[in-house]
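Work through the exercises below with the sequence and the structure at hand. Each task is followed by a worked solution.

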Amino acid sequence: MTPDPLDSILERSAPATSEADASDLRAMIASARAQVRRPRRRRLGIVAGALALALAGGASFAAASSSWDWNAGMNPNRSHTYTSPTWGECELRVGNIVAANPLRQFELDRAIDDWFATADVAAEVEPYIAGHLAVLEGDQSDATDPRSADAYYWVAVDEALGDAMSAGLSERGFDNASISTGSGQVHCEGEQWK
């Protein structure tokens with residue numbers, strides 16, 4: 001086979017390289033693993049346990065009225081309203097949603113805003129609520145607490161909103177691994193935490 005003169009020129013113009021030291025490679029891999037944030041996975045069982053604890057009296061730190069302020073980052077354009085069993089009309093806001101890759105944060109924010117602006121959020125959330133509610137109501141350890149129906153419904157709606165938003169973001173190029181953290185907050189007309 002006759003060597004091509006262009007191949008010879010390209011080979012000569014390539015920058016000089018050296019073999020990477022195996023210990024340096026191991027150190028780089030260990031450093032990269034230490035910096036990777038694992039995506040927060042929602043675990044309904046953990047939420048249900050925390051909810052049961054809160055209903056058993058652990059929520060004494062919460063105010064007894066709906067005059068709370070919204071936490072920083074709770075965007076009113078990223079909200080869903082629903083009717084709670086006894087607390088009446090509620091607004092659930094999501095915020096502080098952080099991209100796993102900081103370079104995609106702007107793109108993620110646009111995708112979230114687009115989903116809330118274009119989706120029928122109530123219709124998207126509705127199919128998920130019953131499944132989450134069934135799991136939560138399976139543990140009736142606090143069935144005598146008059147707040148349990150409202151608290152269970154709130155957690156079910158919160159989880160359902162997360163599922164619906166996740167499906168919408170998936171269509172926009174963001175899977176669950178693309179998001180590292182997020183939070184939500186609810187206020188209802190007649191909420192009672194004490």
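**Salt bridges and a hairpin**

In this predicted model, Asp 109 is partly exposed, with a relative accessible area of 24%.

**Exercise 1.** Find the salt-bridge partner of Asp 109 and state whether that partner is buried or exposed.

Solution. Step 1: the partner is Arg 78, and the closest N and O atoms are 3.5 Å apart. This falls within the 4 Å cut-off for a salt bridge. Step 2: Asp 109 belongs to helix 4 (residues 105-118) and Arg 78 to strand 1, so the contact ties together parts 31 residues apart in sequence. Step 3: Arg 78 has a relative accessible area of 8% and is therefore buried, the limit being under 20%. Step 4: a network of salt bridges links Arg 78, Asp 109 and Asp 113.

**Exercise 2.** Which residue forms a salt bridge with Asp 114, and where does it lie?

Solution. Step 1: the side chain of Asp 114 meets that of Arg 172 at 2.8 Å, N to O. Step 2: Arg 172 sits in the loop between helix 6 (148-171) and strand 3 (179-188), while Asp 114 is in helix 4, 58 residues apart. Step 3: Arg 172 is partly exposed at 24% relative accessible area, and Asp 114 is partly exposed at 35%.

**Exercise 3.** Describe how strand 1 and strand 2 are arranged.

Solution. Step 1: strand 1 (residues 74-84) and strand 2 (residues 88-99) run antiparallel and are joined by seven bridges. Step 2: three residues separate the two strands, which form a hairpin. Step 3: Ser 84 stands opposite Gly 88 in strand 2.

Technical notes:
Residues numbered from 1 in each chain as written. Predicted model: local features only at pLDDT ≥ 70, side-chain atom pairs only at ≥ 80, totals over all residues. Heavy atoms only, no water. Pairing = 2+ DSSP bridges. Helix = DSSP H or I, 4+ residues; strand = E, 2+ residues; numbered from the N terminus. Buried < 20%, exposed > 50% of the residue type's maximum accessible area, 1.4 Å probe, protein only.
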